[in-house]
Amino acid sequence: MRQLITFLHTKRGDSNMISMIFVVIILTTLIVGGIVLNGEMAKLDDLQQIAQLMAREVALQGELNSSVNSRLSELESLYNLEVGMDVSGDFIGGGNKLKLESSFVVSITYETSYGVGGFINFRKEGIYVRKASGIVEEYHK
């Protein structure tokens with residue numbers, strides 16, 4: 001350690017000190033970027049879980065009603081995400097009820113913006129979509 005300090009104090013060490021500072025800045029940027037990216041990957045897992053839970057809720061309800069919307073609001077609060085939901089399937093007469101034993105797909109959409117700011121400003125915007133399917137179990141007259 002003493003040799004390193006002596007080397008940095010010599011005239012030869014000036015350019016090495018500057019190089020070391022740049023290396024530290026680059027490594028810090030990579031570490032922060034990795035942490036941000038890890039958080040975004042965790043959001044993808046959360047979105048898939050929301051899609052699966054909502055597909056199960058729609059399958060049990062058999063229709064898009066206040067119970068389904070309430071469950072979506074609960075999940076948004078639980079995961080601290082604002083998402084959009086779209087259900088495609090075989091609806092009865094163009095209404096909110098799905099045909100018994102028909103398949104459907106729930107699409108959960110989340111808009112995000114992430115990145116690293118400061119010395120190097122990098123922002124990425126994107127829309128994540130996760131889907132889950134199900135079969136209607138509840139019969140409606």
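Start with the whole chain in cartoon view: you should find three helices and three strands, where helices are DSSP runs of H or I with at least four residues, strands are E runs of at least two, and both are numbered from the N terminus. Read along the sequence, the order is α-α-α-β-β-β.

Before you click further: this is a predicted model, with local features needing pLDDT of at least 70 and side-chain atom pairs counting only at pLDDT 80 or more, while totals for chains, interfaces and linings use all residues. Residues are numbered from 1 along each chain as its sequence is written, and side-chain values use heavy atoms, leaving out hydrogens and water.

**Stop 1: the surface.** Switch on the accessible surface, which comes to about 9600 Å² (Shrake-Rupley, 1.4 Å probe). Carbon and sulfur atoms own 56% of that surface. Of the 141 residues, 28% are buried, meaning under 20% relative accessible area; exposed is over 50%, and partly exposed lies in between (1.4 Å probe, protein chains only).

**Stop 2: the core.** Now select Ile50, Met54, Phe104, Val106 and Ile108, the residues that touch the most other members of the 24-residue largest nonpolar core. Such a core is a set of buried Ala, Val, Leu, Ile, Met, Phe, Trp, Tyr and Cys residues joined through side-chain atoms within 4.5 Å. Colour α2 (13-61), α3 (66-79), β2 (103-116) and β3 (122-135), as each gives two or more residues to this core. The top contributor is α2, with eight residues.

Zoom in on Ile50. Beyond its neighbours within four places in sequence, Ile50 is in contact (heavy atoms within 4.5 Å) with Leu72, Leu75, Tyr79, Leu81 and Ile108.

**Stop 3: Glu63.** Go to the loop between α2 and α3, where Glu63 sits. Which side chain of opposite charge is nearest to Glu63? Lys97 is, at 4.7 Å, and the buried Glu63 has no salt bridge, a label that needs a Lys or Arg side-chain nitrogen within 4 Å of an Asp or Glu carboxyl oxygen. What Glu63 does have is a side-chain polar contact with the side chain of Asn65, at 3.4 Å. A polar contact is a pair of N or O atoms within 3.5 Å; within protein, one must be able to donate a hydrogen and the other to accept it, and residues adjacent in sequence count only if both atoms are side-chain atoms.

**Stop 4: Glu137.** Finish in the segment after β3, with Glu137. Glu137 is partly exposed, because its relative accessibility is 46%. Show Arg56 too: the two side chains share a polar contact of 2.7 Å. Outside the four-place sequence window, Glu137 is in contact with Arg56, Ala59, Leu60 and Leu100.

Definitions and conventions: Lys and Arg count as positive and Asp and Glu as negative; His and the chain ends are not counted.
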